[in-house]
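This report walks a new reader through one protein model. The text follows the ligand surroundings, the sheets and the helices in turn.

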Amino acid sequence: MMLTAKNVSYWYDTEANTLYKDVNLDFEAGRLYGIIGSSGAGKTTMLTMLAGLDKPRRGEILYEGTSLQKIGLTQYRNRYVSIVFQAYNLLPYMSALDNVLTAMQITHSTQDNPTEYALNMLTKVGIDEALARKNVQKLSGGQQQRIAIVRAMCCSAPVVVADEPTGNLDETNTQEIIKLFQELAHDQQKCVILVTHEKEVAASCDVQFHLQNKTFEEVS
Ligand SMILES: Nc1ncnc2c1ncn2[C@@H]1O[C@H](COP(=O)(O)OP(=O)(O)OP(=O)(O)O)[C@@H](O)[C@H]1O
C-alpha cells in the first residue's frame, strides 16, 4: 500500500470536538481517489495529514509502511508528495513556466527537454506560451489553479493531493483536469487523492470515500 491512515483521530481545540476517531484508509498507487462529504466534516483536514502538513492527534499516516513521523514530515513533503492547495500555491514573481520548471528541478525530473515538456503540459490545460511566460500574479484564479495542477503533474512525486482542484474552473476546464488526473493515476501510476464537492469529479474517481457522521465509507 502506498499510503495508509492507521487509527487516525483528529480534533482542533479539544478532544470533545473530535472530527473523527480511529479512521483507517488505504491508498494504492495507480488509482484516483475522491474524498467527499458535507462542508466542515473534515475532508481538508484529512488531506492535510496525508500531505504531511499536519499530524494526527492519535494514530499515524504511513508511506509505504513507514510512518511519516519517522520519515520526517518535511522530508516526506519534499520527496514524495505534490500538493495542490489553494492556500499553498504558486511561487509569486515567477512565470507559470518557471513555476513548473522549478518544481521539476527540485524533484530531479528526468525529462530531456523540460521547457518543451512543461509548455506542452500547460497548453493541455489552456495556458499557451504567451500566458506561460507571464508573471503568475497577473493571471486569474482559475488559470493559477490549472498551473498548480500542471506543476504537480510534472513533478516526480509518487503521491498527489489536491483540495477542490476544479473549484475555480468552468465545465470544459473541469473535464480537461479530470482527464489529466486520470492520466496521472493510470498512466503514470501515481496515487492521486482529491477532495471535491463536485459530483462529476467524484464520479470520475476510481474510489470514493464519503466522510459522514465522523466516519469514512467507501462508496461504489
Ligand atoms: N485551524 C483550525 N482551527 C480550528 N478549527 C478548524 C481549523 N481548521 C478547520 N477547523 C474546523 O474543523 C472542521 C473541519 O474543517 P475542514 O476544513 O477539514 O472541513 P472540510 O470537510 O474540508 O470542509 P469544506 O468542504 O467546507 O472545505 C470545520 O468545522 C472547521 O471549522
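In this predicted model, helix α1 contributes the most to the shell around the ligand, with three residues. The shell as a whole consists of Y12, L19, G37, S39, G40, A41, G42, K43, T44 and T45. By residue class, three of the shell residues are nonpolar, six are polar and one is charged.

Helix α1 spans residues 43–50 and lies across β3, β7 (159–163), β8 (191–195) and β9. Its direction makes an angle of about 155° with β8. Angles over 145 degrees count as roughly antiparallel, so α1 and β8 are roughly antiparallel.

**The six-stranded sheet**

The strands that α1 lies across belong to an open sheet of six strands, in the order β6-β7-β8-β3-β9-β10. The pairing in this sheet is mixed. At its edges stand β6 (81–84) and β10 (215–219); each has a single partner strand, so one side of each has no neighbour in the sheet. From one strand to the next, the twist averages 20°.

Within this sheet, β3 (residues 32–37) and β9 (residues 207–212) run parallel and are joined by five bridges. One residue of the ligand shell, G37, takes part in this pairing: its bridge partner in β9 is L211.

**The four-stranded sheet**

A second group of strands forms an open sheet of four, ordered β2-β1-β4-β5, and here the pairing is antiparallel. The edge strands are β2 (20–27) and β5 (66–67), each of which pairs on one side only. The table lists the pairs in this sheet, with one bridge partner pair for each.

| Strand pair | Sense | Bridges | Residues facing each other |
|---|---|---|---|
| β1 (residues 3–10) and β2 | antiparallel | five | L3 and F27 |
| β1 and β4 | antiparallel | five | S9 and R58 |
| β4 (residues 58–63) and β5 | antiparallel | two | Y63 and T66 |

In a regular strand the side chains alternate between the two faces of the sheet.

**Helices α4, α7 and α8**

Helix α4 covers residues 96–106, and its buried residues are A96, L97, N99, V100, L101, A103 and M104. An α-helix has 3.6 residues a turn, so residues three or four places apart point the same way. The buried residues of α4 pack against three helices: α5 (114–124), α6 (129–132) and α7. After α4 comes H108, which has a positive phi, near 55°.

Helix α7 (residues 141–154) also packs with helix α8 (residues 171–186). How are these two helices oriented to each other? Their angle is about 10°, with the axes 11 Å apart. Angles under 35 degrees count as roughly parallel, and α7 and α8 are therefore roughly parallel to each other. On the α7 side the contact is made by G142, R146, I149 and M153. The α8 side supplies N173, I177, L180 and L184. Of the residues in this contact, five are nonpolar, two are polar and one is charged.

Helix α7 thus takes part in two of the packings described here, one with the buried residues of α4 and one with α8.

Notes: Residues numbered from 1 in each chain as written. Predicted model: local features only at pLDDT ≥ 70, side-chain atom pairs only at ≥ 80, totals over all residues. Pairing = 2+ DSSP bridges. Axes fitted to C-alpha atoms, helices over the stretch in contact; angles between N-to-C directions. Contact = placed C-beta atoms within 7 Å. Near = placed C-beta within 6 Å. Nonpolar A, V, L, I, M, F, W, Y, C, P; charged D, E, K, R; others polar. Parallel < 35°, antiparallel > 145°, perpendicular 65-115°, else oblique. Buried ≥ 20, exposed ≤ 12 C-beta atoms within 10 Å, placed from the backbone.
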